[in-house]
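Q: Please take a close look at the unusual backbone geometry in this model. I should like the local details set against the chain as a whole.

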Amino acid sequence: MTRRSVIAGTGSALPKRRVSNAELAERVDTTDEWIVERTGIRFRHIAEEGETTSTLATDAAREALAAAGIDAESIDLIVLATATPDQTFPATATTVQAALGVRDCVAFDVAAVCSGFLYAVQVADSMIRAGAHTRALVIGAETFSRILDWEDRATCVLFGDGAGAVVLEARDSDAADAQGILATKLHADGRHNGLLYVDGGPSTTGTVGKLRMKGREVFRHAVVNLAQVMEESLGIAGLTSADVDWVVPHQANARILEATARKLGLAPEKVVVTVDQHANTSAASVPLALDAAVRDGRIQRGDLIVLEAMGGGFTWGAAVVRF
């Protein structure tokens, strides 16, 4: 029998404050029309006092646990993807562990920016397949609003805060249509550091720093890399884009989503889009979009879905999942 990691439940959490483009235009030199035309974004959620990466991650985890119908005590692995941890150390995953009341498990953070959730999924899947763990919480959570330069309209309008989570559960099956993660493929290319980065850090400036990005170059790389990695992951699973029911992409920019779908010959209606409501929530964007599509009934059990993302580093990746 083949041991697989099955998505047993999904969950998400957003800060209470919802900010429209019109509200943002009151403090930044921009307009609703400018933002929508270039990005497709209409709203984003911004964390306020008392809302942190760990509180959002914990709320999303609780939703995923409830959806899976399991108790937090049965979790033996927590992998949290974030570029905006509560503290430099310890890992925010351990803060979530404590908040959930899990007395003993493996808990750590993964840093791969917008691709972080895909990296975390592969790490957890590998540990489950190896037999080291049975039930994992995989979380993507960010408070990017805390590292934005609110004077830079080219970047501050693009991002929002939030968290998404899945419960992965080990199940054994050799059925051709068995649920679970069928294939993953990850990449990184550190030569492109200067295209999307934060200009600070403990060992360089001793500060958190602010996000910097060269948007046009990032867009060009994203379309090529995302189409390529989706084809690679489908090839590993022995499938093609014609087999895909849904693509759940990183929600960076509506134009990137459209261009990637065209490059793969995918119908636009097969692509889950939440960027208009959430903006770019980095590592949280894929699980947030997944949870939205599961809860509104679009994604059903047995559907073949592809998760994909690209972020600073550059890092990028995709996962093929039988939901």
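A: The answer below turns to the backbone after a short account of the whole chain.

This is a predicted model, in which local features need pLDDT of at least 70, side-chain atom pairs count only at pLDDT 80 or more, and totals for chains, interfaces and linings use all residues. Residues are numbered from 1 along each chain as its sequence is written, and side-chain values use heavy atoms, with hydrogens and water left out.

The protein chain has ten helices and 13 strands; helices (H or I, at least four residues) and strands (E, at least two) are DSSP runs, numbered from the N terminus. The C-alpha trace spans about 60 × 45 × 40 Å along its principal axes. For 323 residues, a compact globule would have a radius of gyration near 20 Å, and the 18 Å of the protein chain agrees with this; the radius is taken over C-alpha atoms, and the globule rule is 2.2 Å times the number of residues to the power 0.38. Contacts (heavy atoms within 4.5 Å) with a separation of 6 or more come to 77% from residues 24 or more positions apart. Of the 323 residues, 55% are buried, where buried means under 20% relative accessible area, exposed over 50% and partly exposed in between (1.4 Å probe, protein chains only).

Against this background, the backbone features can be read with one general point in mind. Most residues other than glycine have a negative phi, and most peptide bonds are trans.

Two cis peptide bonds may be taken in turn. From Phe89 to Pro90 the bond is cis, with omega near 5 degrees, and Pro90 lies in the loop between β4 (77-81) and α4 (92-100). Gly313 and Phe314 are likewise joined by a cis peptide bond, here with omega about -15 degrees. Phe314 belongs to the loop between β12 (304-311) and β13 (315-322).

Positive phi is the other feature to consider. Ala279 is not a glycine, yet its phi is positive, at about 60 degrees. This alanine sits in the loop between α9 (275-278) and α10 (285-295). With a relative accessible area of 0%, Ala279 is buried. The loop between α9 and α10 also holds Ser282, another residue that is not a glycine but has a positive phi, of about 55 degrees. Ser282 counts as buried because its relative accessibility is 0%.
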